[in-house]
Amino acid sequence: MTNLADLEIMTFPEASEKWNRERTFVFQKYFRSPDEFLPGSVDVIGNGKGTWIITRAGMEHLTGQTEKEANAGLWRVFIEFDFRILDEHRCDSEGEAKSLLEKLARKELMKRSPKQLDQLEFSYLDKQKRNYGIRVAGNTLIYLKKVNK
């Protein structure tokens with residue numbers, strides 16, 4: 001029996017975003033230059049417009065990069081005090097950035113207010129939902145965000 005997860009397929013918009021491109025990148029490339037795609041890596045599922053899908057190998061062929069290469073260093077974790085960035089760390093994935101965010105927040109809370117360690121809650125710190133993190137002891141922010149190349 002075939003496990004669909006093993007096929008490493010994704011929708012065109014999902015693939016575009018995973019490779020840090022504009023959401024319509026794969027659609028635009030396909031309808032302009034279908035010959036640039038790896039044979040057998042693209043299909044459409046469903047009736048009517050359907051859902052366009054592409055394989056991981058197809059995306060790597062199209063962009064010349066793995067997903068990791070396309071996203072290298074794009075995640076950043078910041079420590080900010082009074083609107084000044086005190087420290088910045090580069091990460092290659094959201095998971096790596098979240099892990100570092102938690103580690104740095106715990107370290108900062110231990111220094112400033114250890115009683116808050118039990119209440120470690122992360123949320124978006126701005127209305128545009130770009131900076132995800134925590135406010136520590138007044139004007140200190142520790143947050144992560146994805147930056148553009």
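Reader: Which residues touch the most other members of the largest nonpolar core?
Author: This is a predicted model. Its largest nonpolar core holds 15 residues. Those that touch the most other members are Val-77, Cys-91, Ala-97, Leu-104, Ile-134, Ile-142 and Leu-144.

Reader: Which element gives the most to this core?
Author: The elements that give two or more residues are β4, α5 (94-112), β7 (132-136) and β8 (140-146). With six residues, the top contributor is α5.

Reader: How many residues are in the other core?
Author: A second core lies apart from the largest one. Among its members are Met-10, Val-26, Trp-52 and Leu-62. Its count is 12 residues.

Reader: What is the order of the strands in the open sheet of five strands?
Author: The pairing in this sheet is antiparallel. β5 and β6 (123-124) stand at the edges, each with a single partner strand, so one side of each has no neighbour in the sheet. The full order is β5-β4-β8-β7-β6.

Reader: Which residue in β7 is the bridge partner of Tyr-124?
Author: β6 and β7 run antiparallel and are joined by two bridges. Tyr-124 has its bridge partner in β7. That partner is Tyr-132.

Reader: Where does Glu-80 sit, and which residue in β5 does it stand opposite?
Author: Glu-80 belongs to strand β4 (residues 75-81). β4 pairs with strand β5 (residues 84-91) in the antiparallel sense, over seven bridges. The two strands form a hairpin with two residues between them, and Asp-82 in the turn has a positive phi of about 50°. Across from Glu-80 in β5 stands Ile-85.

Reader: Which side chain of opposite charge is nearest to Glu-80, and how far away is it?
Author: Glu-80 is buried yet has no salt bridge. A salt bridge needs the nitrogen and the carboxyl oxygen within 4 Å. The nearest side chain of opposite charge is Arg-135, at 7.3 Å.

Reader: With which side chain does Glu-80 make a polar contact?
Author: Setting aside neighbours within four places in sequence, Glu-80 is in contact with Ile-85, Leu-86, Asn-139, Thr-140, Leu-141 and Tyr-143. A polar contact of 2.8 Å joins the side chain of Glu-80 to that of Tyr-143.

Reader: How many residues apart in sequence are the parts tied together by Arg-56 and Glu-8?
Author: The side chains of Arg-56 and Glu-8 meet in a salt bridge, 2.9 Å from N to O. Arg-56 lies in helix α3 (residues 56-63) and Glu-8 in the segment before β1, so the pair ties together parts of the chain. Their separation in sequence is 48 residues.

Reader: Is Arg-56 buried or exposed, and what of Glu-8?
Author: The cut-off for buried is under 20% relative accessible area. Glu-8 has 40%, so Glu-8 is partly exposed. Arg-56 has 19%, so Arg-56 is buried.

Reader: Which residues are joined into one network by salt bridges that share partners?
Author: Arg-56 also meets Glu-67 in a salt bridge, 2.8 Å from N to O. Glu-67 lies in helix α4 (residues 67-70), 11 residues apart from Arg-56. With shared partners, the network consists of Glu-8, Arg-56 and Glu-67.

Reader: How far apart are the closest N and O atoms of Arg-23 and Glu-17?
Author: Arg-23 is partly exposed, with a relative accessible area of 45%. Glu-17 is partly exposed at 39%. The two form a salt bridge, and the closest N and O atoms are apart by 3.0 Å.

Key
Residues are numbered from 1 along each chain as its sequence is written. This is a predicted model: local features need pLDDT of at least 70, side-chain atom pairs count only at pLDDT 80 or more; totals for chains, interfaces and linings use all residues. Side-chain values use heavy atoms; hydrogens and water are left out. Helices (H or I, at least four residues) and strands (E, at least two) are DSSP runs, numbered from the N terminus. Buried means under 20% relative accessible area, exposed over 50%, partly exposed in between (1.4 Å probe, protein chains only). Lys and Arg count as positive and Asp and Glu as negative; His and the chain ends are not counted. A polar contact is a pair of N or O atoms within 3.5 Å; within protein, one must be able to donate a hydrogen and the other to accept it, and residues adjacent in sequence count only if both atoms are side-chain atoms. Contact means heavy atoms within 4.5 Å. Two strands pair if DSSP finds at least two bridges between them. A nonpolar core is a set of buried Ala, Val, Leu, Ile, Met, Phe, Trp, Tyr and Cys residues joined through side-chain atoms within 4.5 Å.
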